[in-house]
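Thanks for making the time. I have one structure to go through, and I will keep to cavities, sheets and one charged pair.

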Amino acid sequence: MNEMRAALYDRYGPPEVLYEGTVPTPVPRPGEVLVRVHAAGVNGGDLHARAGRVKVVTGRRFPQRTGIDFTGEIVGPGPASGARVWGLLPRGRFGSAAEYVTVRPRQLSLAPAGLSPAEAAALPGTGTTALRALRDEARLRPGERLLVRGAAGGVGSMAVQFGKVFGAHVTALAGGRNLDLVRELGADEAYDYARTSPAELGRFDVVLDTVGSEPGAWRALLARDGGRMVAVAFDTGRPLRSVAYLLFTRRVRFFSGNPRHPQLAELAGFAERGEIRPVVDTVFPLERIADAHRALEAGGVRGKHIVEVVADAA
């Protein structure tokens, strides 16, 4: 077990820079556990890192790794060996698209029963982000009107479901081919973003923006009395201007999740009770990591793309 398979890239660039290679298997430091990864999610943050848009965080040392969230099995050390877990790497660290990761137990919880590894890998990042954005940041209340922009994506598909769990009237904005999906997830109304202007949608108590472009147009939809907007993405074409708007505009909050054990354990409960369900678009084997990134960049994702590391994981 001296070396392991991992998704790597030797320079910043398009999905084609990704490949499956080998690196030393990580050794847990004091206070860490070693997790054998079964499956990992593909996230927008992975794309930005691989393309070199966040070099201030990732630096210029190569090869670099990709992947943030995962599901797998603890293989040691300690009494928790054998536990089926899910979690996320700490903020700013990538590398879950690999056979093994080392993490502190606070970055993990037991994975929900009844889900396959690929299904479970679709939830940790997206589910905790949607949960915390709506409940803790927006403080969504029963009967309020919620607009979810990007409702068919990873966070959006979770937000539609949590909106219904919290008793809101949910309006979903998604691509035309995904309108049936968001209705199945519980949306009361669903609109094609390509055919619907913001002015046609009315007013909302809460706007959750998972896309990031033109934030001012969506803030304009807030109810005059108590409306609030939570953004979990920014415009990567104009990052400084976009982030400044989100940070300093009244009634708009920019939220970036970094969940720990309590939030992951709580999310597992929602999944086990059937209150939310994962939405998996496509499962790619590790050797097709470039195809997984290419698919997410192409847009139109339904939930999450997943990278399967262990094909026969129970």
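Which helix gives the most to the lining of the largest cavity? Helix α5, residues 154-165, does, with three residues. This is a predicted model, so please keep that in mind throughout. The full lining of that cavity is Ala122, Thr126, Gly154, Ser157, Met158, Pro278, Val279, Gly303 and Lys304. By class, that makes four nonpolar, four polar and one charged residues. The space inside is about 30 Å³. Searching the whole structure for cavities of 30 Å³ or more turns up one.

Staying with α5, this helix lies across β9, β10 and β12. Its direction is at about 170° to β9. Helix α4, residues 124-137, also lies across β9 and β12, as well as β13 and β14. For α4 the angle to quote is the one to β12, about 155°.

Those strands belong to an open sheet. There are six strands, in the order β11-β10-β9-β12-β13-β14, and the pairing is parallel. At the edges are β11, residues 189-192, and β14, residues 252-254; each has a single partner strand, so one side of each has no neighbour in the sheet. On average, neighbouring strands here are turned by 15° against each other, ignoring direction.

One pair from this sheet in more detail. β9 covers residues 145-149 and β10 covers residues 169-174, and the two pair in the parallel sense over five bridges. If you want a position to look for on the screen, leucine 147 stands opposite threonine 171 in β10. As a reminder, strands of a sheet pair through backbone hydrogen bonds, either parallel or antiparallel.

The antiparallel case is here too. An open sheet of three strands runs in the order β2-β1-β4, with antiparallel pairing. Which strands are at its edges? They are β2 and β4, each pairing on one side only. β1 and β4 are joined by two bridges, and tyrosine 9 stands opposite glutamine 64 in β4.

Next, the charged pair. Side chains of opposite charge can pair when their charged atoms come close. In this model, arginine 5 and glutamate 20 form a salt bridge through their side chains, at 3.6 Å from N to O. Arginine 5 is in strand β1 and glutamate 20 is in strand β2, so the pair ties together parts 15 residues apart in sequence. Across the whole structure, the search finds 16 salt bridges.

Last, a pocket. The second largest one has a volume of about 720 Å³. Its lining has 25 residues, and the closest to the centre are Pro63, Arg65, Arg93, Phe94 and Gly95. Where does the lining come from? At least two residues each are supplied by β1 (3-9), β2 (18-24), α2 (55-58), β4 (64-65) and β7 (100-103). Of these, β7 gives the most, with three residues. Sorted by class, the lining has 13 nonpolar, six polar and six charged residues.

To link this back, β2, β1 and β4 are the strands of the antiparallel sheet, and each of them supplies at least two residues to the lining of the second largest pocket. On the other side of the talk, α5 gives three residues to the lining of the largest cavity and lies across β9, β10 and β12. That is what I have; questions are welcome.

How values were computed
Residues are numbered from 1 along each chain as its sequence is written. This is a predicted model: local features need pLDDT of at least 70, side-chain atom pairs count only at pLDDT 80 or more; totals for chains, interfaces and linings use all residues. Side-chain values use heavy atoms; hydrogens and water are left out. On a 1 Å grid over the protein atoms alone, a cavity is a set of points where a 1.4 Å probe fits but cannot get out, and a pocket is an open set with protein on both sides within 12 Å along at least five of seven lines; lining residues have an atom within 4 Å of a point. Grid points are joined across faces, edges and corners, and a volume is the space filled by probe spheres set on the points. Helices (H or I, at least four residues) and strands (E, at least two) are DSSP runs, numbered from the N terminus. Ala, Val, Leu, Ile, Met, Phe, Trp, Tyr, Cys and Pro count as nonpolar, Asp, Glu, Lys and Arg as charged, and the others, Gly among them, as polar. Two strands pair if DSSP finds at least two bridges between them. Axes are lines fitted to C-alpha atoms, for helices over the stretch in contact, and angles run from 0 to 180 degrees between N-to-C directions. Contact means heavy atoms within 4.5 Å. A salt bridge is a side-chain nitrogen of Lys or Arg within 4 Å of a carboxyl oxygen of Asp or Glu.
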